[in-house]
Amino acid sequence: MQDLARCPVRHVLDHIAAKWTTLIILELAAGPTRFNALGRALPDVSRRMLTQSLRDLERDGLISRVVYPTKPPSVEYALTALGQSLLPPLRSLIDWAEISAPEIAAARTMAR
């Protein structure tokens with residue numbers, strides 16, 4: 001029997017499937033972005049959740065963080081090569097979701 005608690009796919013998907021993780025990665029796909037610009041692009045995320053999500057993504061090697069010595073310091077985030085490699089499968093999932101959304105909505109209606 002496989003030990004699911006130690007499954008590497010599970011650990012990756014637990015993080016990647018998080019709501020803000022996906023949206024942050026998609027936002028950074030356009031290029032390096034400063035913290036406040038990310039906050040404006042994702043207005044529903046709290047500053048605390050955005051900070052934590054960015055720390056987690058940096059810890060996992062998916063994004064890089066550069067601090068510029070301005071007053072006050074400005075911080076810019078960008079996808080790493082590993083983060084860039086996540087974009088094709090993520091875009092495939094988004095395409096599938098867009099195509100399947102009507103069928104999923106109909107199934108939900110039938111289940112009520």
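In strand S3, the side chains of Ser74, Glu76 and Ala78 point one way, those of Val75, Tyr77 and Leu79 point the other way, and all of these residues are buried. This arrangement belongs to a predicted model. The pattern reflects a general rule: in a regular strand the side chains alternate between the two faces of the sheet. Strand S3 is mostly covered, with 6 of its 6 residues buried. A residue counts as buried when its relative accessible area is under 20%.

The place of S3 in its sheet may be considered next. The sheet is open and has 3 strands in the order S1-S3-S2, with antiparallel pairing. Strand S1 (33-34) and strand S2 (63-68) stand at the edges, and each has a single partner strand, so one side of each is left without a neighbour in the sheet. In general, strands of a sheet pair through backbone hydrogen bonds, either parallel or antiparallel.

The two pairings can be followed residue by residue. Strands S2 and S3 (residues 74-79) pair in the antiparallel sense over 6 bridges. Within this pairing, Ser64 stands opposite Ala78 in S3, Val66 stands opposite Glu76, and Val67 stands opposite Val75. The connection from S2 to S3 is a hairpin, which joins the two strands through 5 residues. On the other side, S1 and S3 pair in the antiparallel sense over 2 bridges. Here Thr33 stands opposite Tyr77 in S3.

From the sheet, the reader may turn to the charged side chains. How many salt bridges does a search of the whole structure find? The search finds 2 salt bridges. In one of them, the side chains of Arg59 and Asp56 meet at 3.4 Å, N to O. Both residues lie in helix H4 (residues 47-59), where they are 3 residues apart, about one turn of the helix. In another salt bridge, the side chains of Arg59 and Asp60 meet at 3.0 Å, N to O. Asp56, Arg59 and Asp60 are thus linked in a network of salt bridges. Is Arg59 buried or exposed? Arg59 counts as exposed because its relative accessibility is 57%, and the cut-off for exposed is over 50%. Asp60 is partly exposed, with a relative accessible area of 33%.

The loop between helix H3 (35-41) and H4 contains Val45. This residue is buried, since its relative accessible area is 10%. Val45 and Arg34 are 11 residues apart in sequence, and their C-alpha atoms are 15 Å apart in space.

Empty space is a further feature to examine. Rolling a probe the size of a water molecule over the atoms shows where empty space is left. The largest pocket has a volume of about 360 Å³. Its lining consists of 15 residues, of which Leu13, Ile16, Ala17, Leu86 and Leu90 lie nearest the centre of the pocket. Helix H1 (8-16) and helix H5 are the elements that give two or more residues to this lining. Which element gives the largest share of the lining? That share, 7 residues, comes from H5.

Helix H5 (residues 81-111) also contains Leu93. At 52% relative accessibility, Leu93 counts as exposed. Together with Trp96 and Ile104, Leu93 forms a nonpolar patch on the surface, and the three residues have about 310 Å² of accessible area together.

Terms used
Residues numbered from 1 in each chain as written. Predicted model: local features only at pLDDT ≥ 70, side-chain atom pairs only at ≥ 80, totals over all residues. Heavy atoms only, no water. Patch = residues over 30% accessible without salt bridge, like charges linked within 9 Å, V, L, I, M, F, W, Y side chains within 5 Å. Areas by Shrake-Rupley, 256 points an atom, 1.4 Å probe, with all protein chains shown as cover. Salt bridge = Lys/Arg side-chain N within 4 Å of Asp/Glu carboxyl O. Helix = DSSP H or I, 4+ residues; strand = E, 2+ residues; numbered from the N terminus. Buried < 20%, exposed > 50% of the residue type's maximum accessible area, 1.4 Å probe, protein only. Pairing = 2+ DSSP bridges. 1 Å grid on protein atoms, 1.4 Å probe; cavity = no way out; pocket = protein on both sides within 12 Å on 5 of 7 lines; lining within 4 Å. Points joined across faces, edges and corners; volume = space filled by probe spheres on them.
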